Structures are given as C-alpha cells and as structure tokens.
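Here is a short report on a protein structure. Look at the sequence and the 3D view, then read on.

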Amino acid sequence: MKLRIHITLKPGVLDPQGKAIEHALAGLGFAGVEGARVGKLIELDVADTVDDAQIDAMCRQLLANTVIENYRIERA
Amino acid sequence: MKTAVVVFPGSNCDRDVAVALEAVTGRAPEMVWHRETELPDGIGLVALPGGFSYGDYLRSGAMAARSPILRAVAEQSGRGLPVLGICNGFQILTEAGLLPGALMRNAGLNFVCRDVSLTVENAQSSFTSRYDAGETILVPVAHHDGNYVADAETLDRLEGEGRVAFRYAEEVNGSARRIAGILNGAGNVLGMMPHPERRIEKAHGGDDGRRLFEGLLELVA
C-alpha cells in the first residue's frame with residue numbers, strides 16, 4: 001500500500017522558506033502572490049497489514065513535529 | 001566528576017565539549033554511542049553535543065531524539081541527572097519533548113556563525129550559577145536552525161517561571177522573544193543554541209563559556 005504523508009507548518013508559524021519564495025516570485029515580476037508555505041511530502045510503502053492507527057502513530061511520533069506541523073495522510 | 005557525551009552519527013562538536021569537560025573536571029568524559037541503551041553509572045552530567053546528528057534528515061534533531069540512548073537520557077533526566085544540550089543537542093531535547101517548543105530555520109535563512117552577546121536571564125540554575133543575572137557574555141553561535149518557536153502561553157510560562165536561561169542581546173535568528181537557551185521545569189535540563197564549549201580559554205578569544213561548566217562541577221562536587 002502506498003501512502004503519501006503531507007506535512008505542513010501550522011497556520012501562524014513563521015515560514016522563512018515560504019517567505020523567501022514569495023519574495024523571489026515577486027522579484028521575477030509575478031504579481032498577486034499573497035503567500036507561500038513550504039511543506040514536505042513523504043511517500044511510504046507499507047504492508048497491507050499496517051492499520052490506520054499505526055500510520056497515525058508514525059506521523060505523531062516521528063514524521064511530523066506536532067508542535068509546529070500538521071500532517072495529512074493520503075492513500076495513493 | 002564523571003561525565004558523559006553522547007555521540008551521534010554527524011555530531012561534530014562532541015570532541016569540543018569533551019575537551020571543555022576534561023579541562024574543567026580534570027577527567028575525560030565517557031563517549032557514549034547513540035545506539036547504547038544505558039548511560040554509564042555514576043555520571044554527574046550528560047552532554048548532547050552540537051553538530052548535525054543523522055545529517056539533520058527529516059528535521060534537525062528528530063532522528064537523534066528517537067535513538068535508543070535518548071530513552072536512557074529521558075529516564076535519567078526525570079531522576080534529576082543534569083542534561084546539557086548544545087545547538088543540535090538543544091534541537092534534540094525539544095524533539096524528544098524534554099524541553100518545550102521547536103527550533104526552526106533561521107528567520108534570515110542564513111547559517112549564522114559568529115560571536116553573539118547573550119544576556120544571562122537566570123543565574124540561579126545549576127548551569128548558570130557562576131554568572132550574574134543580567135550579565136552580558138560573548139559566546140559563539142553556528143547554526144541554521146536556531147529560530148526558537150513556541151506558542152505564547154508556553155513563552156509566558158517559560159518567562160514567568162524563570163526558565164529562560166539566556167537571551168540574545170541582539171537579533172540573531174528570529175527566535176521568539178530572542179530566546180537563546182531554556183531550562184526544564186525542574187531546572188536540570190538546559191538547551192541552548194550558542195556554544196559555550198567553544199569559549200573556555202583565553203586562546204579562544206575569551207572564556208565566558210567556561211563558567212557554565214564550572215557551575216556544573218560545583219553542583220555535582
């Protein structure tokens with residue numbers, strides 16, 4: 001089973017990389033970019049026996065830092 | 001005093017902190033590999049050194065925080081063992097949940113490597129007893145992910161409980177409330193981004209960092 005874990009910074013957490021991208025796009029002349037946030041995509045290939053609770057535990061215990069990040073699990 | 005330094009793959013300041021500990025305690029620390037499951041008996045301090053444990057993959061300190069030795073560090077810290085996390089060590093302590101908050105990419109996106117002025121906010125802790133409250137000291141920083149983040153409630157609590165040990169005297173990396181180092185609730189765990197071990201003798205251009213190690217020695221002696 002293939003999974004995609006999308007990890008994003010929580011709203012309100014300053015994202016310096018996102019800010020840099022926003023400024024760089026403005027520098028290239030693209031008007032109207034009102035914000036940019038950088039996240040992570042982790043693709044996992046797991047056995048079918050791995051259940052939702054285990055996947056959720058993987059995210060909470062290691063893949064995302066829930067102090068600053070949210071995560072979303074997508075089945076590919 | 002017997003001390004220990006944890007060595008992670010990618011640590012590059014483990015020797016620096018070992019040299020500092022030996023200079024102050026007169027005894028070389030035990031170097032403990034990250035896959036060990038126990039700390040040596042009878043140690044008075046464990047240091048988590050600066051560097052790039054596990055190549056900073058995933059997030060700085062994330063892998064190291066889940067390594068076998070960290071379970072032992074967490075357990076011993078709960079029993080009062082002093083734990084000092086410097087730079088990557090601080091990142092590991094937050095990732096392990098032994099200190100609140102998180103360390104993010106520097107606000108300026110630059111790797112910052114220079115001497116910075118710190119204000120000693122709390123001179124009561126076992127780590128800072130050799131400093132005066134409000135004193136300004138000069139200690140080097142060298143980091144990419146030193147931007148301390150926590151919610152307002154946590155920041156208020158840290159300040160209210162005197163758990164901010166050091167603050168940057170100037171803006172360095174975007175850290176919330178210019179926090180450079182914090183203590184846990186019991187006061188036996190200190191995490192800080194600046195490197196006191198790189199400033200322990202005059203040949204380093206100053207020895208402001210030395211007193212941190214001397215204070216620890218005093219505590220355990």
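The text below covers a sheet, a surface patch and a helix.

This is a predicted model: local features need pLDDT of at least 70, side-chain atom pairs count only at pLDDT 80 or more, and totals for chains, interfaces and linings use all residues. Residues are numbered from 1 along each chain as its sequence is written, chains are lettered from A and ligands numbered from 1 in the order in which they are written, and side-chain values use heavy atoms, without hydrogens and water.

**The sheet.** Chain A has an open sheet of three strands, ordered β2-β1-β3, with antiparallel pairing. Helices (H or I, at least four residues) and strands (E, at least two) are DSSP runs, numbered from the N terminus. Two strands pair if DSSP finds at least two bridges between them. Strands β2 and β3 of chain A are the edges, and each pairs on one side only.

| Edge strand | Residues |
|---|---|
| β2 (chain A) | 40–45 |
| β3 (chain A) | 69–75 |

Strand β1 (residues 2–9) of chain A runs antiparallel to β3(A), and seven bridges join them. A:I5 faces A:I73 in β3(A).

**An exposed residue.** A:L28 lies in the loop between α1 (16–27) and β2 of chain A. Is A:L28 buried or exposed? A:L28 is exposed, with a relative accessible area of 64%. Buried means under 20% relative accessible area, exposed over 50%, and partly exposed in between (1.4 Å probe, protein chains only).

**A buried helix.** In helix α4 (residues 88–95) of chain B, eight of the eight residues are buried, so this helix is largely enclosed by the rest of the structure. Among them are B:F90, B:I92 and B:L93. B:G97 follows α4(B), and its phi is positive, near 80 degrees.
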